[in-house]
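Here's a quick briefing to read alongside the coordinates. Keep the viewer open and follow along topic by topic.

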Amino acid sequence: MVSGWLIDSCISMDYGKSINGELPDESVENHMLHVLLKDGRFGFADSDGNIIIPCIYNLAWMFSEGLASVQDDIGKWGFIDTKGEIIIPCKYEFASFFSEGLAWVEDGSNKFGFIDKSGNIVIPFIYEKAGCFSKGIAEVKKESGEWGLIDKDGNDVVPFVYEGFNYKDISLKEGFAETENDELFTELVYDPDTGEFLPSDV
């Protein structure tokens, strides 16, 4: 057991990125590993404070779906497993956590896309900002500055006509989200037949 700070929530720095919502429940699986801050470096420890993965990273997020994103000494992000093995090399400008098998990452051109847990690009790097998937959808922002919702195949679910999203209970099937277009708010409702969130006036 060592001295240091066990951090129960992800390390979120202000990169001007869209990191919406809470970590999924799966983030507390994998032996209850927590982000550990010790001597200005980040690693992972169990709930008793025992170091599981050495504190060798500049920054780190908590584990989700068996992987955690970490930043190396040159400022690049990748993913490790619960044994500390590098699964996806540190080559991204920024990386989020995995949710529903996908994680958004930022490439060298400051564009956002989504990768799977093998590092394969599933949704190309074409977005200005992105959020994590929940119930099969994620919010993304196009170069035009407008936001919409996409599914896990990259198909548009809700048109790109909004200035932003303000999720309420989007993690719940009976939940809803509000979107802002100028000063008008449109309620999004969950359609159990299609599994999609759609504007209430559709």
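Start with Gly131: its relative accessible area is 0%, under the 20% cut-off, so it counts as buried. This glycine sits in the loop that links β13 and β14. Keep in mind that this is a predicted model, with a mean pLDDT of 77 for the protein chain.

**Around Gly131: the β13–β16 sheet**

- Gly131 also has a distant partner in sequence: Ala103 is 28 residues away along the chain, yet their C-alpha atoms are 8.9 Å apart.
- The strands on either side of the Gly131 loop, β13 (residues 129–130) and β14, pair antiparallel through two bridges, and Ala130 has Val140 of β14 as its bridge partner.
- Six residues separate β13 and β14 in their hairpin, and Lys135 in that turn has a positive phi of about 55°.
- Zooming out, the open sheet here has four strands, ordered β13-β14-β15-β16, with antiparallel pairing.
- Its edges are β13 and β16 (156–162); each has a single partner strand, so one side of each lacks a neighbour in the sheet.
- What about β14 (residues 137–141): how many of its five residues are buried? Four of them are, so the strand is largely enclosed by the rest of the structure.
- β14 pairs with β15 (residues 147–151) over five bridges, again in the antiparallel sense; Ile137 is matched with Asp151 in β15.
- The β14/β15 hairpin has five residues between its strands, and Gly145 adopts a positive phi near 100° there.
- β15 and β16 run antiparallel and are joined by three bridges, with Ile150 standing opposite Asp156 in β16.
- Trp147 belongs to β15 and is buried, at a relative accessible area of 10%. Its C-alpha is separated by 8.9 Å from that of Lys129, with the two positions 18 residues apart along the chain.

**A lysine worth a click**

- Is Lys111, in the loop between β10 (103–106) and β11 (112–115), buried or exposed? Its relative accessibility is 16%, so it counts as buried.
- The side chain of Lys111 makes a polar contact of 2.3 Å with the side chain of Glu128.
- Beyond four places in sequence, Lys111 touches Val105, Glu106, Phe125, Ile126, Tyr127, Glu128 and Glu143.

**The other four-stranded sheet**

- β5-β6-β7-β8 is the strand order in another open sheet, and the pairing is antiparallel there too.
- β5 (59–60) and β8 (86–92) take the edge positions with a single partner strand each, so one side of each has no neighbour in the sheet.
- β6 (residues 68–71) and β7 (residues 77–80) are antiparallel partners over four bridges; Gln71 has Trp77 as its bridge partner in β7.

**Nonpolar cores**

- As general background, nonpolar side chains tend to be buried together in soluble globular proteins.
- The largest nonpolar core holds 40 residues, and the members touching the most others are Phe44, Phe79, Ile80, Phe114 and Ile150.
- Ile80 gives a feel for the packing: its contacts beyond four places in sequence include Phe44, Ile53, Tyr57, Phe63, Leu67, Val70 and Ile86.
- There is also a second, separate core of five residues, among them Ile137, Leu149, Val157 and Val158.

**Cysteines**

- How many disulfides are there? The count is zero.
- Cys55 has a relative accessibility of 18%, so it counts as buried.
- Cys90, at 21% relative accessibility, counts as partly exposed.

**How far to trust the coordinates**

- Across the protein chain, 66% of residues reach a pLDDT of 70 or more.
- Residues 8–31 stay under 50 in pLDDT, and the model gives this stretch 51 contacts beyond four places in sequence.
- Residues 168–179 are also below 50, with 38 contacts in the model beyond near neighbours in sequence.
- Where pLDDT is low, the predicted coordinates should not be read in detail.

Terms used. Residues numbered from 1 in each chain as written. Predicted model: local features only at pLDDT ≥ 70, side-chain atom pairs only at ≥ 80, totals over all residues. Heavy atoms only, no water. Buried < 20%, exposed > 50% of the residue type's maximum accessible area, 1.4 Å probe, protein only. Polar contact = N/O pair within 3.5 Å; in protein donor to acceptor, adjacent residues only side chain to side chain. Contact = heavy atoms within 4.5 Å. Pairing = 2+ DSSP bridges. pLDDT = per-residue confidence, 0-100. Core = buried A, V, L, I, M, F, W, Y, C linked by side-chain atoms within 4.5 Å. Disulfide = S-S within 2.5 Å.
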